[in-house]
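Subject: Structure handover

Hi,

Here is the structure I promised to pass on. Have a look at it first, and then read on for what turned up when I went through it.

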Amino acid sequence: MEHLNENGSLWVILQKKQGAPSAKKKMEEVFGNCEIVKRDKGYYLLHSVKR
């Protein structure tokens, strides 16, 4: 998180079986936000913004 600029974005693509729900929870803890941008065929596209 220290390497991400203010208002910087983190985008992650993970499969559900690779821990996408856990990653979403962790991103919410670290950044205070995490959006599921798209979910398709077991893949999740997650997005967080550093505030």
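**Around Tyr44**

Once its neighbours within four places in sequence are set aside, Tyr44 is in contact with Val12, Ile13, Leu14, Lys16, Ala20, Ile36, Lys38 and Arg39. Before you go further, bear in mind that this is a predicted model.

Tyr44 also belongs to the largest nonpolar core, a set of nine residues. The other members are Val12, Leu14, Ala20, Ala23, Met27, Phe31, Cys34 and Leu46. S1, H1 and S3 are the elements that give two or more residues to this core. Which of them supplies the largest share? That is H1, with four residues.

Val12, one of the core residues, lies in strand S1. Not counting residues up to four places away in sequence, Val12 touches Met27, Tyr44, Leu45 and Leu46. If you want a distance to check in your viewer, try Val12 and Ile36: their C-alpha atoms are 9.8 Å apart in space, with the two positions 24 residues apart in sequence numbering.

Gln15 is another residue of strand S1. Is Gln15 buried or exposed? Its relative accessible area is 17%, and buried means under 20%, so Gln15 counts as buried. Leaving out residues up to four places away in sequence, Gln15 touches Ala20, Gly42 and Tyr43.

**The sheet**

Now for the strands. They form an open sheet of three, in the order S1-S3-S2, with antiparallel pairing. S1 and S2 are the edge strands, since each pairs on one side only. From one strand to the next, the twist averages 15°. H1 packs on this sheet and touches S1, S2 and S3, and its direction makes about 5° with that of S3.

Strand S3 covers residues 43-49, and five of its seven residues are buried, so S3 is largely enclosed by the rest of the structure.

How many bridges join S1 to S3? There are seven, and the two strands run antiparallel, with S1 covering residues 9-15. If you would like to trace the register, Leu10 stands opposite Ser48 in S3, and the bridge partner of Trp11 in S3 is His47.

On the other side, S2 (residues 35-40) is joined to S3 by five bridges, and this pair runs antiparallel too. Here Asp40 stands opposite Tyr43 of S3. The hairpin of S2 and S3 has two residues between the strands, and in it Lys41 takes a positive phi near 50°.

**Salt bridges on the helix**

I also went looking for charged pairs. Side chains of opposite charge can pair when their charged atoms come close. How many salt bridges does a search of the whole structure find? It finds two.

One is between the side chains of Lys24 and Glu28, at 2.4 Å from N to O. Both residues sit in helix H1 (residues 20-31), and because they are four residues apart there, about one helical turn separates Lys24 from Glu28. Lys24 is partly exposed, with a relative accessible area of 21%. Glu28 is partly exposed as well, at 35%.

The other salt bridge links Lys26 and Glu29, whose closest N and O atoms are 3.8 Å apart. The cut-off for a salt bridge is within 4 Å, so this pair counts. Lys26 and Glu29 are three residues apart in H1, which again means a separation of about one helical turn. Lys26 is partly exposed, with a relative accessible area of 48%. What about Glu29: buried or exposed? With a relative accessibility of 54%, Glu29 counts as exposed.

**In short**

If you keep a few things in mind, make them these: an open three-stranded sheet in the order S1-S3-S2, H1 packed on that sheet, a largest nonpolar core of nine residues, and two salt bridges.

Over to you!

How values were computed. Residues are numbered from 1 along each chain as its sequence is written. This is a predicted model: local features need pLDDT of at least 70, side-chain atom pairs count only at pLDDT 80 or more; totals for chains, interfaces and linings use all residues. Side-chain values use heavy atoms; hydrogens and water are left out. Buried means under 20% relative accessible area, exposed over 50%, partly exposed in between (1.4 Å probe, protein chains only). Two strands pair if DSSP finds at least two bridges between them. Axes are lines fitted to C-alpha atoms, for helices over the stretch in contact, and angles run from 0 to 180 degrees between N-to-C directions. Contact means heavy atoms within 4.5 Å. A nonpolar core is a set of buried Ala, Val, Leu, Ile, Met, Phe, Trp, Tyr and Cys residues joined through side-chain atoms within 4.5 Å.
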